[in-house]
Structures are given as structure tokens and as C-alpha cells.
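Visitor: Walk me through how some helices pack in this one, please.

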Amino acid sequence: MIVLVIVFVALLVLGMPVAFSMALATIAGFIALGIPLETMAQKMMSGIEPFPFVAIPLFVLAGALMETSGISRRLVGLASAIVGHIRGGLGIVVVASEVLFSGISGSSVADASAIGSILIPSLVKAGYPPERAAAIVAAASGMGMLIPPCLVMVILGAMSGLSISALFIAGFLPGILMALTLAIVIHIQARRGVLPGARGRFSWAALRHALREAILPLGMPVVLFGGILGGVTTATEAAVLAVIYALVLDLVIYREITRKDLGRMLVQTGITTAAVSVLAGVATGMSWTFATTGVPQMIANTLQQITSSPFLLLALVTVTLIIFASLLDGLPALIIFYPILSVTVAKYGIDPLHFGLLAVAALGIGLVVPPVGLLLVVVAQIGRVSLSAVTLPMLPYIAILVATLLVIAYVPWVVLILPRLLL
Amino acid sequence: MVFRLTERALRAVVAALVVTIATMVAAQVVFRYAVQEPIVWSEEFTTLCYQWLSYLGAALAVRYRAHYGVDLVVRFLGPRWRSALEWLEHAVVWSLGAFMVVYGWRIVEASALQMYPTLPFSVGTGYLVLPISGVLFMLMDLPVLLERRARGA
């Protein structure tokens, strides 16, 4: 067991791919424990056998189609026509854009670089100091993790057996809460002159135009969530309907996707899916090794000796997840730690859906926590500002993210009410 | 030449698998709700396509270095260390590739007689993706290695 952990950490620190490090570490652990290695090969396949995993490529493809066909762009256009004229409007548009399409491509880093490279320059052009522009984009990306459809939730569901639909629905309320508070803080900062307060003009003509442009793209969220919320389709089926909707929209009306684009998109979808899935498959082998050697039980028992209060436990677990997400990227952190921690959490009688969503929120924060948060590093690079410069402007947003996290942790009905009402 | 051909073939297969998965799930919806007669084998077949997609796609991810990694420490290292670590990465990829070939093949043999409940072939056939991808991991790692050498690293 110790062999496994040492090999894994060593390879990881040396910058080896996470999935490969995990696989080789597990193999080393098997050898040390005398478990036949065929078991590992078998786990690599059986780990990704549950049907919900199939949702991964479909959501990735839907995201790519939204991006390439201009559906995302038109939705952002609508958002800026609605809120762009408020003080701090452009910052709020960033938040709205993240609400609309973050988290679907699977890599939060890819999302942040896609969104950041478009929005940071336009924020800077509007007079935002680059480090504040970068901070807003990073904070909004961290928040975007909570808002469905989010690939981390898809994978969490596939892995843990929690319903993906339930996770999506559970994310709505806290996600929107987080988005609203972020928007309000940006607005206040703009009023106080911390951010440029220049207001665009509101014009009905522009809004009408944006609405006309966005009316068909708005069908995308309707297709995606209509079926899930109505309990008619599974998340997997909803994803494929969204893919079809986007394709038809593009074939009939927009015609923005060339055949070459389509080919590239399909291959990219395959690669993204593969990177995530191999990680999940290999992690099954590792979690299984932990489980057979009683590690999750041991951790659970140790924690139970430290505290019997679920209150403290949630804090402890959340902080752990935040730390590892900031070091490892969200998805690997979740895939490694969720199976271990869920055993503990169950012993304290905490609802698995509640914990699942809390974990997702913790990942979102871990990714943007200065000074190591992976996503923050990327965004700072895009904005060409140093990490230390972006740290201070980041603090108020981190405070909001953490406040929302506390609400999610200690007011579980915020998470649980919608799934209970709707499913 | 061999590498380019393999890469292109692999890209085509990966794209085709994505299309197949989407089509199968769509067909499943249609058959369940419109025709009211679910396709019995669709779920198992789609899952299998997904598993193949995952490991074949992972070979492409080896080619493009698209696997998740953490460069927290590596960022602060000098060029000599980095070059050493690149060699280590090749070794890591090859080790896992070799493992998948040898032990993947063993589970292919071990489950050669076990049939999928709804598909007309054995679970062993499904597991073939492991040894195949193992070979492809190594094959797709080579061009990366050659490119590095060409750069003089």
C-alpha cells in the first residue's frame, strides 16, 4: 500500500500524466501485495463499464458543437444586451457567459483558456486593469463548475452511481446563488470605482436584435434541461438530443461548421473523452486496492476519533478536496478522493447527493485558489499578469465562493430541495 | 510514414466511434419512446464502443500529450532535468503500453468463452482493445520521441 502511494506521488510530482502514474503505482502496489496483475487489466475495463459513462462523449460533443456553431456566441450576445448597460456590466457578462457554457468541455483549464482569451482582452480594452480582468474570469470559471451541464458532475455520477440528473438539478440553486453574488460584488466594485464604471447605453433595438439572434440557440438549454427536469429523459439521452438540436440548427440555418471542423471536433471529443475515461478506469483499480486493504475504513475510523460532529467533518473533507483540487486539477482530485471520502461521509449520515455537490463546489474553488490553483495560473498567463498581482483582486471573489460553499455545506436544503421536488 | 498512417487511421476510428455512440443513444431514444420497443443490445454495444473509444483515444492523447498532468514542480526545473523527465515520460508510456499488451492479452484469453448477454461475441473480444491500445500507445509515443530528437533535445 505504501509502495503504491510512494510511486504515485513520485511520478506525479515529476510531471508524469496522472492516469499513467496511477496505473503504474497500482501495478506496483499489486506486486507488493501479491495480487495477480490480470486484476488491474480487468479493472481498467470494468471501471468504465456502467452505462452512465457513455454520457461523457455526448456532453463533450454537445459543448464543442455549441462553441463551433456560434450558439454560445449568440447566447453571450443576449446576455450582454441584457446586463451590459449596468455598472460593471462587462464583468457581469463574464459571469453570465460562464453560467451559459462553462464546465462542459471537461477540462476547466481548457474552458478558462477558451473564455479567457476572448474575454480578458475585451475587458482590458474597456479599461479593466488586467489583473482584475483575470481575477473575474478565474472566479467565474470556479463558479461555473456548479452550474449544469458540467462534465465533472457527469463523471461523478457515472463513478458513484448518483443520478447525473439529480446532480445537475442540485447544482442549479447554489450555482445561481453564486453567480448572483458575484454579479452584485462586481457591480458594487464598479460603483466604488474599483472597476471601470462606464455604462453602455441600453437600447431596445439592440436587445430585440440579440433576442432574435438567440431565440433558436435558447432552445439548446431547453432541450438539455427540459427532458431532465420533466423526468422524461436521462441525462445521457438529453445530451444526445442537444447534439442533434445543435447539428440541425447548424445544418439548416447557421452553416458555420465546415466538414473539416466537424471531423476535428469528433476527434477532439474522442481525445477529451479518452483522457477523462482512462483516468476513471485506472482509478477504479487504485480505489479497489485501497478498498481491499481497508484504507477508506481506516480513514473513516481515524476521523471519527477526531470528531463526531458532521459539522467539523464536512469542513475537514472540504478543505482536503480544495487543497488537492488546486494541486491536481479538479477531475483527478475528485476521481482519486471521492471514493475514499464517501465512505467516511456515509458513516456520518450525510446525504451522498449533498456531499457530491459539495465536492464539486470545493473543486471549483480549489482550481482558483491563489497561489497554486491550476485555473488561476492559466488565466494569469492569458492575461499576462503575475500570480502575485492577481492574488489580491481575487480575494473578494474567493470570499464569495467560500461563503457559497459554506451555505452548500451547512444548509443542505439549498442543494436537496430541487431534486426532491422535481425527481 | 507508418506513424502518420496509423495516426490518421486512429483518428478516423475514434471519430467513427463517437458518431456510433451518438447514433446508438439517439436510436435508443427513438425506439423506446416512438416505437415502444427497446433495442435489447443497444446499451451493451454502446458501452463497448465507449470503452474502445476511451483506450484508442488515449493512444491519440499520447501522441498529442493530452493526458492530464501536473507541471507544478517541472515548471521550476532547468532544461537538463526537463529533458531527463521527458525520457522518463516515454518510459512510463511504454511501461503501461507493455503492461496492457501482456496482461490485456491474458484477460482476452481468460474470457474468450464468456459471451456478452446480448451481443454475438465473447467478452474476450471486447477486451481486445487493451492489447491493441497498448501497442498503439508505444507506436504513438515514437513520433513524439523522434520529433524531440529532431529538435536536438
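Guide: We'll take two helix pairs in turn. It's a predicted model, where local features need pLDDT of at least 70, side-chain atom pairs count only at pLDDT 80 or more, and totals for chains, interfaces and linings use all residues. Residues are numbered from 1 along each chain as written, chains are lettered from A and ligands numbered from 1 in written order, and side-chain values use heavy atoms, without hydrogens or water.

Visitor: At what angle do helix 12 and helix 13 of chain A pack?

Guide: About 160°, with the axes of helix 12 (residues 219–229) and helix 13 (residues 235–254) of chain A 8 Å apart. So helix 12 of chain A is roughly antiparallel (over 145 degrees) to helix 13 of chain A. Helices here are DSSP runs (H or I, at least four residues), and axes are fitted to C-alpha atoms, with angles from 0 to 180 degrees between N-to-C directions.

Visitor: Which residues of helix 12 of chain A meet helix 13 of chain A?

Guide: A:Gly219, A:Met220, A:Val223, A:Leu224 and A:Ile228. Their partners include A:Ala235, A:Leu241 and A:Tyr245. Contact means heavy atoms within 4.5 Å. By class, that's eleven nonpolar, one polar and no charged residues.

Visitor: New topic: how far apart are the axes of helix 3 and helix 14 of chain A?

Guide: 7 Å, at an angle of about 130°, which means helix 3 of chain A is oblique to helix 14 of chain A.

Visitor: What touches there?

Guide: A:Thr39, A:Met40, A:Lys43 and A:Met44 of helix 3 of chain A, with partners including A:Trp288 of helix 14 of chain A. That contact has four nonpolar, four polar and one charged residue.

Terms used: Helices (H or I, at least four residues) and strands (E, at least two) are DSSP runs, numbered from the N terminus. Angles under 35 degrees count as roughly parallel, over 145 as roughly antiparallel, 65 to 115 as roughly perpendicular and the rest as oblique. Ala, Val, Leu, Ile, Met, Phe, Trp, Tyr, Cys and Pro count as nonpolar, Asp, Glu, Lys and Arg as charged, and the others, Gly among them, as polar.
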